Amino acid sequence: MSQDNIIAIIQARMGSSRLPGKVLRDLGGQSVLARVINRVRRAQTVTGVVVATTTDPADDPIAAFCQQQAVPVFRGSQFDVLDRYYQAAREHKADVVVRITADCPMIDPQEIDRVVTAFLEGEYDFAANRLPPPAQRTSPIGMDTEVCSFAALAQAWQNATQPYEREHVMPYLYDTPGRFRVKIVETEPSLGHLRFTIDTEEDLQVARAIYAVFDNRDDFSLAELLEQNMRHPQWQLSLAGVRHKSLTEVDTRAKEDKTEKATPAPQPEPAVPSCPLCGQQNARVLHRMQSFGFPVVYYHCQACGFVFQDAAASRAAQPDFYAENYRKLYQKSAAPTPKDLHQQLLRAADQIRFLRAQGVQSLSRVLDIGASSGLFLQALQKEFRAEGVGVEPGNAYRALAEAQGLHMLPSLPELIASRPERFDLVSLMHVLEHLPDPVGVLHQIRTELLTPQGWLLLEVPNFYAHNSYELAHLSCFTPHTLQEALSKAGYEIISLRQHGYPRSELFKLYLNVLAQPSANPPADYQVKPEHAVPLKRSLAIAWRDLRARLDSKRSWLPVEEK
Ligand SMILES: [Zn+2]
């Protein structure tokens, strides 16, 4: 196998329905095509790289560029791209053909290697990291790699008759199940919503921004690209709505010279969601953003002032989100990082000081919801010699806690179904803001889990100091709306502490509450509205950022959050 001649054939044309000449446009000092060639050449499994363009005089600049750069170039049919590939592969004596398109200057050589390796190891006829729509893709747009044997390509070349089979080169190899041995190499978790290709002027602008972040080098990996992508949410945001061609769309330029316009379908506005705090359906959009490539919309309740995401539309409210994806998205790993553990230890010690200062003297049964790897639960058990139970949906974190001998359950419904003895402390550290129905869960804790004199301990980000806007933050609490949520759920607040520990000496990033079940919980609580929440938020964040510039040392302490 290692002696196979594995030829990557990059198809390139000057013509483009949306961005003519794109392959020779400048991308940080070199052309888009040069970037693609540089990157494909770094794939270790690939033994040769060939550019396949057409005999159309319009493509002379591509041929000239390749000759100037001493890159092998093949010129063939304009519209029978399958024939162009076959002839190029034959001329270069390919045993294995890797199909790459010239509009992917962020393609990862390691991703190419991953697909080629899967192809070779499984002795397949065809392998790819995605199929065209309607298949669901899991690799980012712009990493597309298709691999086939020369023998399979020759069969397709002989037998394929449909126009789309000739234009898209390899459909004949995968569109009839059982005809060839086919392998689809998936990406887990899926990154299919991300876009790193060049089809439009917007794409090119984003690609230039990406290259600029990497000092116009082209040796950055997909992992590095994903990391920068998280720090630059505007990249994917500016590309939202760019439509990709589907498999059966064929190039009609042979018949008519009509320029196709990108026409993103207008997104229908979803119905206004009901407020999770007061229940009224009277909210306006306050903030739109993309987080990890997902659209995020925050609403502002016009009745009570609460700021929230529509849980029904949020990726973070879907059932599987916390089991696997949440930690991976936020930390790029499903297991705790040393930084994460360190922060949990600091927080645990701080919370125990808070409990002691509020006069909590003895506890016999404690429940930590969102227990993570169990550090806080362990600290509580040790401090109060209490029996403890933890709830943690993240599989890897829960396994770690169980390995420490802690009693863990994956969800609150499963805990309640086990009819546990009541607890005299229930804690939710940085949990409430993630729940679609925070008041409902607080109510359920009071009525089903907490003893009548038990303690509720919780902490959430403070909307008036913490950035708060994150994919997984479904609610943004202010001191007022947090108090209202607790009152509505039937609690009396013993203490509401605003603090920044361990992140900041200056900013009250967190709202930390100790509460107890109310002796007379209201049957029908009327939420007292808070006014001018967006204005107060803007002023608070502006003030915070100004202070941060004046006193950066005390503003943000070295332990990083998340
Ligand atoms: Zn409301």
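**A colleague's note on the fold and the zinc site**

1. Let me start with the overall wiring: among contacts in the protein (heavy atoms within 4.5 Å) between residues at least 6 apart in sequence, 70% join residues at least 24 apart. Please keep in mind that this is a predicted model, where local features need pLDDT of at least 70, side-chain atom pairs count only at pLDDT 80 or more, and totals for chains, interfaces and linings use all residues. Residues are numbered from 1 along each chain as its sequence is written, and side-chain values use heavy atoms, with hydrogens and water left out.

2. On composition, the protein has 19 helices and 20 strands; these are DSSP runs numbered from the N terminus, helices being H or I with at least four residues and strands being E with at least two. Of its 562 residues, 55% count as buried. Buried here means under 20% relative accessible area, exposed means over 50%, and partly exposed lies in between, with a 1.4 Å probe and protein chains only.

3. Now to the sheet. Seven strands form an open sheet with mixed pairing, in the order E5-E4-E1-E6-E8-E7-E9; two strands pair if DSSP finds at least two bridges between them. At the edges sit strand E5 (73-76) and strand E9 (182-184), each pairing on one side only. From one strand to the next, the twist averages 20°. Angles run from 0 to 180 degrees between N-to-C directions, and axes are lines fitted to C-alpha atoms, for helices over the stretch in contact.

4. A closer look at one edge: strand E4 (residues 48-54) pairs with E5 in the parallel sense over four bridges. Thr-54 has Gly-76 in E5 as its bridge partner. Helix H2 (residues 60-68) lies across E4 and E5 and runs at about 160° to E5.

5. Helix H5 (residues 150-159) also packs on the sheet, where it touches strand E6 (96-101) and strand E8 (146-149), its direction making about 90° with that of E8. The buried residues of H5 are Phe-150, Ala-152, Leu-153, Ala-154 and Ala-156. Their cover includes helix H3 (81-91), E6, E8, helix H6 (163-167) and helix H7 (171-174).

6. You may enjoy the zinc site. The protein donors of the zinc ion are Cys-275 (SG), Cys-278 (SG), Cys-301 (SG) and Cys-304 (SG), at 2.2 to 2.4 Å from it. Donors are N, O and S atoms within 2.8 Å of the metal (3.2 Å for Na, K and Ca), and water is not among the atoms, so sites may look incomplete. The site is tetrahedral, with angles of 102 to 114° among its four donor atoms; four donors count as tetrahedral if all angles lie between 85 and 135 degrees. For reference, the ideal angle for four tetrahedral donors is 109.5 degrees.

7. Along the sequence, the donor residues are spaced C-x2-C-x22-C-x2-C. Cys-278, in the loop between helix H10 (233-239) and strand E10 (283-291), and Cys-304, in the loop between strand E11 (294-301) and strand E12 (307-309), are 26 residues apart and link distant parts of the chain. Relative accessible area is 19% for Cys-278, which is buried, and 1% for Cys-304, also buried. Cys-275 counts as buried too, at 4% relative accessibility. A search of the whole structure finds zero disulfides (pairs of cysteine sulfur atoms within 2.5 Å).

8. One last residue: Gln-236 is found in helix H10 and is buried, with a relative accessible area of 6%. Leaving aside neighbours within four places in sequence, Gln-236 is in contact with His-193, Leu-194, Arg-195, Phe-196, Asn-229 and Gln-290.

Key
Four donors count as tetrahedral if all angles lie between 85 and 135 degrees; four count as square planar and six as octahedral if opposite donors are over 155 degrees apart and all others between 65 and 115; anything else is irregular.
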